[in-house]
Amino acid sequence: MRLKLDLHPIYSDSHAIEAALRQVIDEAVAKRVKEVEIIPGKGSGALKKSVIRFLQRPEIRSRYHRMEKDSENWGRLSLHFRHERAEPASAPKPGSAAPSLCAPCVCCGSPLQTPAPEGEADGEASVTCPACDSPHRLTFRRVRRGDFQVQAELDYGDA
Ligand SMILES: [Zn+2]
C-alpha cells in the first residue's frame, strides 16, 4: 500500500504544505504504509527544495526510513517506511548507536538484550526473556570500551 500527497493545490502555502506532510507521515506510520509519494509539481524546484529541507528536519527524518528522489522525474519524491514489529529479541540493528548487552536465555536460548550502561564498567541488569518470560539477571563486566562480557542467570527473586 502506498499513499500519495499532491502538493499542487497548496503549493503557495508553506504552512499548509508542512501540515500536509506531517499528516501524511502520521497516516503512513499509523497504517503501516511502506511508501508515500509526494508530488511537489514539475518545474517547481524551489518548492521541492523546501519540501526536502522540511523532510530532513531531525524530528521528521526519524520517522521514515529513506527518501527517494526521482532524478528522471524532477517532480517526484518518495518516502519509504520500515515498520518494525515489536520484537525485542531481534538481532541488533547494524550501525545502531548504543551497544547493547546480549546473552542467551538460560531456558530457551533466545537473545536477552539490554542497553549497555553508560559509564559503568560492571554491574547487573534485570531482563525478562522475550520468548519464554523467564526473569534473568545479566551480570556484565566491561572488557574494553563498548565491549562487555555478559552472563545470564535465572532470577526469580527472593519473594
Ligand atoms: Zn527464554
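These legends walk through close-up views of a predicted model.

**View 1. Four cysteines hold a zinc ion.** The protein donors here are the SG atoms of Cys105, Cys108, Cys129 and Cys132, and they sit 2.2 to 2.3 Å from the zinc ion. Along the chain, these donors follow the spacing C-x2-C-x20-C-x2-C. The angles among the four donor atoms run from 104 to 119°, and the site is tetrahedral. As for disulfides, the structure has zero of them.

**View 2. How open are the zinc donors?** Take Cys129: is it buried or exposed? Cys129 counts as buried, because its relative accessibility is just 1% and the cut-off for buried is under 20%. Cys108 is another story, being partly exposed with a relative accessible area of 39%. Cys132 counts as partly exposed too, at 30% relative accessibility.

**View 3. The hairpin of strand 5 and strand 6.** Strand 5 (residues 100-104) runs antiparallel to strand 6, and the two pair over five bridges. Look for Cys102, which stands opposite Gln113 in strand 6. Six residues lie between the strands of this hairpin, and Gly109 takes a positive phi near 80°. Strand 6 (residues 111-115) also has two faces to compare: Leu112 and Thr114 make up the covered one, while Pro111, Gln113 and Pro115 make up the uncovered one. In a regular strand, side chains alternate between the two faces of the sheet.

**View 4. Ser134, tucked into a loop.** You'll find Ser134 in the loop between strand 7 (122-128) and strand 8 (135-144). What does Ser134 touch, once its neighbours within four places in sequence are set aside? Its contacts are Cys107, Val127, Thr128, Cys129, Leu154 and Tyr156. Ser134 is buried, with a relative accessible area of 6%.

**View 5. The largest nonpolar core.** This core has 23 residues, and the ones touching the most other members are Leu21, Val36, Ile38, Val51, Leu55 and Leu79. Two or more residues each come from strand 1 (2-6), helix 1 (14-31), strand 2 (35-39), helix 2 (45-55) and strand 4 (77-80). Helix 1 is the top contributor, giving six residues. Zoom in on Leu21: leaving aside neighbours within four places in sequence, Leu21 is in contact with Leu5, Ile38, Val51, Phe54 and Leu55.

**View 6. A second core, separate from the one above.** This one has seven residues, among them Ala103, Cys105, Cys129 and Leu138. Two of those names, Cys105 and Cys129, are familiar from the zinc site, where they are donors. In soluble globular proteins, nonpolar side chains tend to be buried together.

Note on methods. Residues are numbered from 1 along each chain as its sequence is written. This is a predicted model: local features need pLDDT of at least 70, side-chain atom pairs count only at pLDDT 80 or more; totals for chains, interfaces and linings use all residues. Side-chain values use heavy atoms; hydrogens and water are left out. A disulfide is a pair of cysteine sulfur atoms within 2.5 Å. Buried means under 20% relative accessible area, exposed over 50%, partly exposed in between (1.4 Å probe, protein chains only). A nonpolar core is a set of buried Ala, Val, Leu, Ile, Met, Phe, Trp, Tyr and Cys residues joined through side-chain atoms within 4.5 Å. Helices (H or I, at least four residues) and strands (E, at least two) are DSSP runs, numbered from the N terminus. Contact means heavy atoms within 4.5 Å. Two strands pair if DSSP finds at least two bridges between them. Donors are N, O and S atoms within 2.8 Å of the metal (3.2 Å for Na, K and Ca); water is not among the atoms, so sites may look incomplete. Four donors count as tetrahedral if all angles lie between 85 and 135 degrees; four count as square planar and six as octahedral if opposite donors are over 155 degrees apart and all others between 65 and 115; anything else is irregular.
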